[in-house]
Amino acid sequence: MPSGTPSNSNGLLLGNGDGTFTLKTNTACPYDFHTMAIGDFNHDGKLDLAGATGTTGPVAVCLGNGNGTFKDAGYTDQQISHGLVMPGDFNNDGKPDLVVSDQNGISILLGNGDGSFQNGIPTAVSASFPTFTVADFNNDGKLDIAALTSAGVAVFLGKGNGMFQAPIVSPGPASGFLTVADLNKDGKRDLIVANTAAVTVLLGKGNGAFLAPVHYAVKAATRAVIADFNGDGNLDVAVGSTGQTIDILLGNGLGKLSLPTTTFRVGSPARGIVTGLFNADKKPDLAVLLGDAVVTFLHQ
């Protein structure tokens with residue numbers, strides 16, 4: 001049975017190594033981020049935070065002190081509304097960059113290597129504040145972006161300078177939340193999309209395009225995370241839902257998933273879910289955002 005440890009209030013939750021967390025609130029960094037990215041943006045060996053401060057705010061960057069606290073936020077790409085924020089090195093200069101969504105599509109904020117970023121280089125996407133993810137979908141050593149649009153899944157192959165080629169569009173969901181994995185062990189990135197209708201798997205062709213989508217009837221899905229939850233060497237999918245459940249879909253290593261083999265009720269809609277090793281047993285655990293609390297579910 002899973003065990004839960006609730007942590008109420010806003011702030012940074014520092015792991016205690018046993019599946020519980022300690023709330024850290026004495027920081028100068030605002031925690032009203034709409035979305036958040038984590039990385040070492042100034043190469044000092046300490047993790048930093050970057051996020052969109054609401055859908056009408058700029059991108060804020062908080063440099064870490066290495067003890068769970070942060071310096072005052074610096075702001076970039078101001079006067080523009082932002083949505084999702086993710087890190088990556090899009091011009092292959094060894095300095096972390098940021099990719100953000102906005103009203104017209106996506107923009108790349110090239111990093112200066114000191115924790116500051118340049119204003120965004122825009123790329124038009126046929127969606128406003130699109131959901132996207134980052135990976136090398138054609139194995140050329142340059143980061144690409146996959147975004148959900150009304151026409152399907154659009155992959156923008158990176159040129160290695162913060163700019164992108166014209167999109168390659170494959171059939172797929174127009175909305176949801178994206179996760180990248182190699183479900184069939186062929187060395188090509190696949191996509192998992194979770195939305196209110198289903199969990200959808202799109203196996204990558206290795207050139208930025210995908211095979212026909214396969215849908216799994218998991219209703220009211222909010223987020224999906226990937227790990228080997230049953231220890232068989234194949235990647236599985238854990239899905240949170242607004243139906244107050246966590247569902248586990250086991251992978252067969254060939255790109256196919258089972259219908260949920262394990263479903264457990266969590267008492268509230270699962271608004272967010274992450275996986276990690278939260279204690280010392282080296283088994284993937286789950287942390288789930290339930291209402292205003294984070295609850296950990298330790299693998300047994």
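**Figure 1. Strands β9 and β10 meet at a hairpin.** Two residues make up the hairpin that links β9 to β10. This close-up, like those that follow, comes from a predicted model. Strand β9 covers residues 97-102, and its antiparallel pairing with β10 runs over five bridges. To find your way along the pair, start at Val100, whose bridge partner in β10 is Ser107. On its other pairing, β10 is antiparallel to strand β11 (residues 121-124), this time over four bridges. Here a good landmark is Gly105, which stands opposite Ala124 in β11. How many of the five residues of β10 are buried? Five of the five are, so this strand, residues 105-109, is largely enclosed by the rest of the structure.

**Figure 2. Strand β14 pairs with β13 and with β15.** Look for the hairpin of two residues that joins β13 to β14. These two strands pair in the antiparallel sense over five bridges, and Thr149 has Gly152 of β14 as its bridge partner. β14 also runs antiparallel to strand β15 (residues 168-170), with three bridges joining them. Within that pairing, Ala154 is matched with Val169 of β15. Strand β14 spans residues 152-156, and five of its five residues are buried, so the rest of the structure largely encloses it.

**Figure 3. Asn138 and Asn139 sit in the loop between β12 and β13.** Both residues belong to this loop, as the placements of Asn138 and Asn139 show. The loop runs between β12 (132-135) and β13 (144-149). Which residues does Asn138 contact, once neighbours within four places in sequence are set aside? They are Asp144, Leu157, Gly206, Asn207 and Gly208. Asn138 can also be compared with Asp190: the two are 52 residues apart in sequence, and their C-alpha atoms are 11 Å apart in space. Asn139 is worth a look for its backbone, as its phi is positive, about 55°, although this residue is not a glycine. As background, most residues other than glycine have a negative phi. Asn139 counts as partly exposed because its relative accessibility is 41%.

**Figure 4. Lys282 is another non-glycine residue with a positive phi.** The phi of Lys282 is about 65°, although it is not a glycine. You will find Lys282 in the loop between β24 (270-276) and β25 (285-290). Is Lys282 buried or exposed? Lys282 is exposed, because its relative accessible area is 73%.

**Figure 5. The largest nonpolar core draws on several strands.** This core has 16 residues, and those with the most contacts inside it are Ile192, Val199, Val201, Val237, Val239 and Leu249. The elements that contribute two or more residues are β17 (190-194), β18 (199-202), β20 (221-227) and β21 (236-241). Which element provides the largest share? That is β20, with three residues. For general context, nonpolar side chains tend to be buried together in soluble globular proteins. Val239 makes a helpful centre for the view: beyond four places in sequence, Val239 touches Val199, Val218, Ala221, Arg223, Ala224, Thr245, Ile246, Asp247 and Leu249.

**Figure 6. Leu257 is a buried loop residue.** Leu257 lies in the loop between β22 (245-249) and β23 (262-265). With a relative accessible area of 10%, Leu257 is buried, because the cut-off for that class is under 20%. What does Leu257 touch, not counting residues up to four places away in sequence? Its contacts are Val201, Tyr216, Val237, Leu249, Leu250 and Gly251. Three of these names may be familiar from the previous view: Val201, Val237 and Leu249 are among the core residues with the most contacts inside it. Leu235 offers one more reference point, since 22 residues along the chain separate it from Leu257, with 9.3 Å between the two C-alpha atoms.

**Figure 7. Met36, Ile38 and Leu47 make a nonpolar surface patch.** The patch made by these three residues has an area of about 300 Å². Leu47 is found in the loop between β4 (35-39) and β5 (48-52). Why does Leu47 count as exposed? Its relative accessibility is 56%, and exposed means over 50%.

Key:
Residues are numbered from 1 along each chain as its sequence is written. This is a predicted model: local features need pLDDT of at least 70, side-chain atom pairs count only at pLDDT 80 or more; totals for chains, interfaces and linings use all residues. Side-chain values use heavy atoms; hydrogens and water are left out. A nonpolar core is a set of buried Ala, Val, Leu, Ile, Met, Phe, Trp, Tyr and Cys residues joined through side-chain atoms within 4.5 Å. Buried means under 20% relative accessible area, exposed over 50%, partly exposed in between (1.4 Å probe, protein chains only). Contact means heavy atoms within 4.5 Å. Patches are made of residues with over 30% relative accessible area and no salt bridge: like charges are joined within 9 Å, nonpolar side chains (Val, Leu, Ile, Met, Phe, Trp, Tyr) within 5 Å. Accessible areas come from the Shrake-Rupley method with a 1.4 Å probe; for residues, only the protein chains shown count as cover. A salt bridge is a side-chain nitrogen of Lys or Arg within 4 Å of a carboxyl oxygen of Asp or Glu. Two strands pair if DSSP finds at least two bridges between them.
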